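Got the viewer open? Here is a short tour, one selection at a time.

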Amino acid sequence: MMKSKENGLKPHPARFPRRFAEFFIKFLTNEGDTVFDPFAGSNTTGYVAEHLQRKWIACELNEEYIKNSLLRFEEEPNLFTNKEVILNV
Ligand SMILES: C[S@@+](CC[C@H](N)C(=O)[O-])C[C@H]1O[C@@H](n2cnc3c(N)ncnc32)[C@H](O)[C@@H]1O
């Protein structure tokens with residue numbers, strides 16, 4: 001959230017806790033599976049999925065939230081390798 005403000009972006013107002021995403025991803029998927037979040041917001045799901053060695057696809061309507069979500073991965077550059085970001089606005 002600090003990173004958002006530093007970059008002049010408004011933090012997503014309704015992020016859900018990482019542990020919530022972690023519980024369901026571990027419960028419902030195995031490593032290497034693909035997790036899809038059609039309403040990604042700040043992309044908590046994608047971030048957690050990445051940490052749990054899942055592939056992921058995220059869709060978000062609001063372009064600012066997408067830009068914001070990318071900041072998560074800037075903090076951990078080794079995490080976000082060999083991935084494709086498609087901004088379709
Ligand atoms: C409750 S938020 C998701 C929050 C997310 N779980 C997180 O941790 O940040 C729901 C998101 O769905 C997005 N949204 C609403 N309608 C959409 C649509 N038709 N396609 C893609 N995203 C949509 C909203 O912009 C909003 O950011």
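Start with the whole chain, coloured by burial: of its 89 residues, 22% count as buried. What you have on screen is a predicted model, so switch to confidence colouring next. The chain averages a pLDDT of 85, and 82% of its residues reach 70 or more. Select residues 18-28, helix H2, for the highest mean pLDDT among the elements, 98. Then select residues 2-6: helix H1 has the lowest, at 67. Where pLDDT is low, the predicted coordinates should not be read in detail.

Now go to cartoon view. You should find four helices and two strands, and walking along the sequence gives the pattern α-α-β-α-β-α. If you draw the contacts between residues at least 6 apart in sequence, 47% of them join residues at least 24 apart.

**Stop one: helix H3**

Select residues 44-51, which make up H3. How many of the residues of H3 are buried? Six of its eight, so this is a mostly covered helix. To highlight the buried ones, pick Thr-44, Thr-45, Gly-46, Tyr-47, Val-48 and Ala-49. Show the surroundings too: these buried residues pack against H2, E1, E2 and H4.

Zoom in on Val-48. Setting aside neighbours within four places in sequence, Val-48 is in contact with Arg-18, Ala-21, Glu-22 and Ile-25.

**Stop two: the core**

Keep Val-48 selected and add Ala-21, Val-35, Ala-40, Tyr-47, Ala-49, Trp-56 and Ala-58; together these eight residues form the largest nonpolar core. Which elements give two or more residues to this core? H3 and E2 do, and the largest share, three residues, comes from H3. As a general backdrop, nonpolar side chains in soluble globular proteins tend to be buried together.

**Stop three: Tyr-47 across to Phe-73**

From the core, stay on Tyr-47 and add Phe-73. The two are 26 residues apart in sequence, yet their C-alpha atoms sit 7.6 Å apart in space. Phe-73 belongs to helix H4, residues 63-74. Is Phe-73 buried, exposed or partly exposed? Phe-73 counts as partly exposed, because it has 18 C-beta neighbours inside 10 Å.

**Stop four: two positive phi values**

Turn on backbone torsions. Most residues other than glycine have a negative phi, and the next two picks go the other way. Select Asn-43, in the loop between strand E1 (34-37) and H3. Its phi is near 60°, a positive value in a non-glycine residue. Asn-43 is buried, because 26 other C-beta atoms lie within 10 Å.

Then jump past H3 to Gln-53, which sits in the loop leading to strand E2 (55-58). Gln-53 also has a positive phi, about 60°, without being a glycine. What about the burial of Gln-53? Gln-53 is exposed, because there are 11 other C-beta atoms within 10 Å.

**Last stop: the ligand**

Finish by selecting the ligand and expanding to its shell. Of the 14 residues around the ligand, the nearest are Phe-39, Gly-41, Ser-42, Thr-44 and Leu-61. You have met Thr-44 already, among the buried residues of H3. Colour the shell by residue type and it divides into seven nonpolar, five polar and two charged residues.

Notes: Residues numbered from 1 in each chain as written. Predicted model: local features only at pLDDT ≥ 70, side-chain atom pairs only at ≥ 80, totals over all residues. Near = placed C-beta within 6 Å. Nonpolar A, V, L, I, M, F, W, Y, C, P; charged D, E, K, R; others polar. Buried ≥ 20, exposed ≤ 12 C-beta atoms within 10 Å, placed from the backbone. pLDDT = per-residue confidence, 0-100. Core = buried A, V, L, I, M, F, W, Y, C linked by C-beta atoms within 7 Å. Contact = placed C-beta atoms within 7 Å.
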